[in-house]
Amino acid sequence: MRKKILFKGPLLTRSGYGEQSRFALRALRSREDLFDIYIQPLKWGQTSWMFEVTPERAWIDQTIEKTIAYIQQGGQFDMSLQVTIPNEWQKLAPVNIGYTAGIETNKVAPIWLQKGNEMVDKIITISKHSRDTYKNTHALAQNTNTGQQFDYTLETPIEYVNYPAKTYESLPRLDIELETSFNFLSVAQFGPRKNLPNTLKWFVEEFNNEDVGLLLKTNIVKNSVIDRETIYKDLQKFLASFPDRKCKVYLLHGDMTDEEMHALYKHPQIDAFLALPHGEGFGLPIWEAAYSGLPVVATGWSGQLDFLTDEQGTEHFYNVAFDMQPVQDSVVWENVIIKESMWAYPREQSAKEKMRLCYEQMTNEETRGTEMIALEQYAQSLHERFTPEKQYEKFVSFLEEYSDAAAISDDDWLNEVSDIIKEYE
């Protein structure tokens, strides 16, 4: 008998959690013989909503309508899958699965441990880094009755599933023409964690007087005209400090489909990918660049190591050295990024050396051919290791083990479910 599963996540947003939600939904839909799916869509901060009209979007809209009608009739669910940060997990069904991107630092907030232990039966995350950080975090707790302090850790089972590699029969032609002969690509939101100010500064300083470009696909919050103008002015102000430079920085802003993004990675004028973040739960743009066959210059810590190293531990990227230091005060986010946590600070000299090494190896006639063959072979291995079918099967397997679980003894989850319809009435 199919299990009625309530899927709760920001699957219609252009965000990391949006991509994560769509992967999870596709995994569920790969086994509709097991799951009768219902959907509660969430917002995700101020990020944009998706606009494409596709068969998948039509199915999602129909399923949302089905969900509203079902709840209005007093319908109940066998399971819930909640794609969000652990702070927001709730008991919505007899069995609840929390699916989170995890954390980009080396420690999760104590409330994540509490929510993970109290609200869900299983936790799934997106990388070994996220799983291990969640699993290995310790907090000091206090017994409310005795006042005795004790070590508090995650007790709920936790696993991880990486994203699949995407393939397309054809890709659109992008109307992009770059004036420089060698070009790095960076794809990142313009926030503190992505470390873009240093990325820009170190790039310009290293290639100041050379025919090299950096194409920056970015935004601050949304893909609006105001957002673009703000970034454009900020870039102009920064680059004014280098008036005689020969290298160029290009700004790419606005909504792009998955096909257009993959066409960007495959663009004949894009030669390498550059990413110097403080930390990643997984690093989706880095991942897409790697399985598209681009050489990657990246910080050697956090979620991206799941795919920038192979199953034997061999590195397949230009590994930028780093120092682990406390997160900046400006990024502390109550109950998410805690002051006591640390993340990676890429070293300037190492970043410049790795950019230079990548440039030299990819422009030298003697080394370029060998490097291109190695990149193509590794990209093919990533497609074979991370097929959609394999990743869907792995994800579903973590839900199947709870499909026959008995109902919980209390009815708190019924009250939670009765509230979710209020936004849509």
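Let's start with one contact: a polar atom of the T218 side chain lies 3.3 Å from the backbone nitrogen of F190. Before I go on, please keep in mind that we are looking at a predicted model.

So where does T218 sit? You will find T218 in the loop between β10, residues 212-217, and α6, residues 225-239. Is T218 buried or exposed? With a relative accessible area of 2%, T218 is buried, because the cut-off for that word is under 20%. Leaving out residues up to four places away in sequence, T218 touches A188, Q189, F190, L196, I231, L251, L252 and H253. F190, whose backbone nitrogen we just met, is on that list too.

Now let's move along the chain to another loop residue, N195. N195 is in the loop between β9 and α5, and α5 covers residues 196-206. What is unusual about its backbone? As a general point, most residues other than glycine have a negative phi. N195 has a positive phi, near 65°, and is not a glycine. N195 counts as buried, at 5% relative accessibility. Its side chain also has a polar partner: one of its polar atoms lies 2.9 Å from the backbone oxygen of L276. If we set aside neighbours within four places in sequence, the contacts of N195 are W202, L276, P277, H278 and P346.

For a companion case, have a look at N335. Its phi is positive as well, near 65°, again in a residue other than glycine. N335 belongs to the loop between β15, residues 322-326, and β16, residues 342-346. Here the surroundings read another way: N335 is partly exposed, with a relative accessible area of 32%.

Next, some strands. Strand β12, residues 272-275, pairs with strand β13, residues 296-299, in the parallel sense, and three bridges connect them. Within that pairing, A275 is opposite A298 of β13. β13 also runs parallel to strand β14, residues 318-320, again with three bridges. And what stands opposite A298 in β14? That would be N319. If you are following on the screen, A298 is a handy landmark: A275 of β12 faces it, and so does N319 of β14.

Between β12 and β13 we come to a helix, α8, residues 284-291, and these three elements form a right-handed β-α-β unit. I'd like to stay with α8 for a moment. Seven of its eight residues are buried, so α8 is largely enclosed by the rest of the structure. The buried ones are P285, I286, W287, E288, A289, A290 and Y291. What do they pack against? Their partners are β9 (182-187), α7 (258-265), β12, β13, α9 (305-308) and α11 (365-385). After the helix comes G293, with a positive phi near 95°.

That brings me to aromatic rings. How many aromatic pairs does a search of the whole structure find? The count is 24. One of them joins F23 and F395, edge-to-face, with 5.7 Å from centre to centre and 80° between the planes. F23 lies in helix α1, residues 16-29, and F395 in helix α12, residues 388-400, so this pair ties together parts that are 372 residues apart in sequence. Both F23 and F395 are buried.

The other pair I want to show is back in α8: the ring centres of W287 and Y291 are 4.8 Å apart and their planes are at 75°, so this pair is edge-to-face. W287 and Y291 are four residues apart in the helix, which means about one helical turn separates them. W287 is buried at a relative accessible area of 1%, and Y291 is buried too, at 3%.

Those two pairs belong to a wider picture. Ring pairs link F23, Y99, Y163, F282, W287, Y291, F307, F386, Y392 and F395 into a cluster. So the α1 and α12 rings and the α8 rings, which we looked at separately, are members of one cluster.

Last, two charged residues over rings. K66 lies over the face of Y38, 4.2 Å from the ring centre. R228 lies over the face of Y232, at 5.6 Å from the ring centre.

That's my tour. Thanks for listening!

Note on methods. Residues are numbered from 1 along each chain as its sequence is written. This is a predicted model: local features need pLDDT of at least 70, side-chain atom pairs count only at pLDDT 80 or more; totals for chains, interfaces and linings use all residues. Side-chain values use heavy atoms; hydrogens and water are left out. Two strands pair if DSSP finds at least two bridges between them. Helices (H or I, at least four residues) and strands (E, at least two) are DSSP runs, numbered from the N terminus. A crossover is right-handed if, with the strands pointing away from the viewer, the path from the first strand over the helix to the second runs clockwise. Buried means under 20% relative accessible area, exposed over 50%, partly exposed in between (1.4 Å probe, protein chains only). A polar contact is a pair of N or O atoms within 3.5 Å; within protein, one must be able to donate a hydrogen and the other to accept it, and residues adjacent in sequence count only if both atoms are side-chain atoms. Contact means heavy atoms within 4.5 Å. Rings of Phe, Tyr and Trp (its six-membered ring) pair if their centres lie within 6.5 Å; planes under 30 degrees apart count as stacked, over 60 as edge-to-face and the rest as tilted. A charge sits over a ring if NZ of Lys or CZ of Arg is within 6 Å of the ring centre and within 35 degrees of the ring normal.
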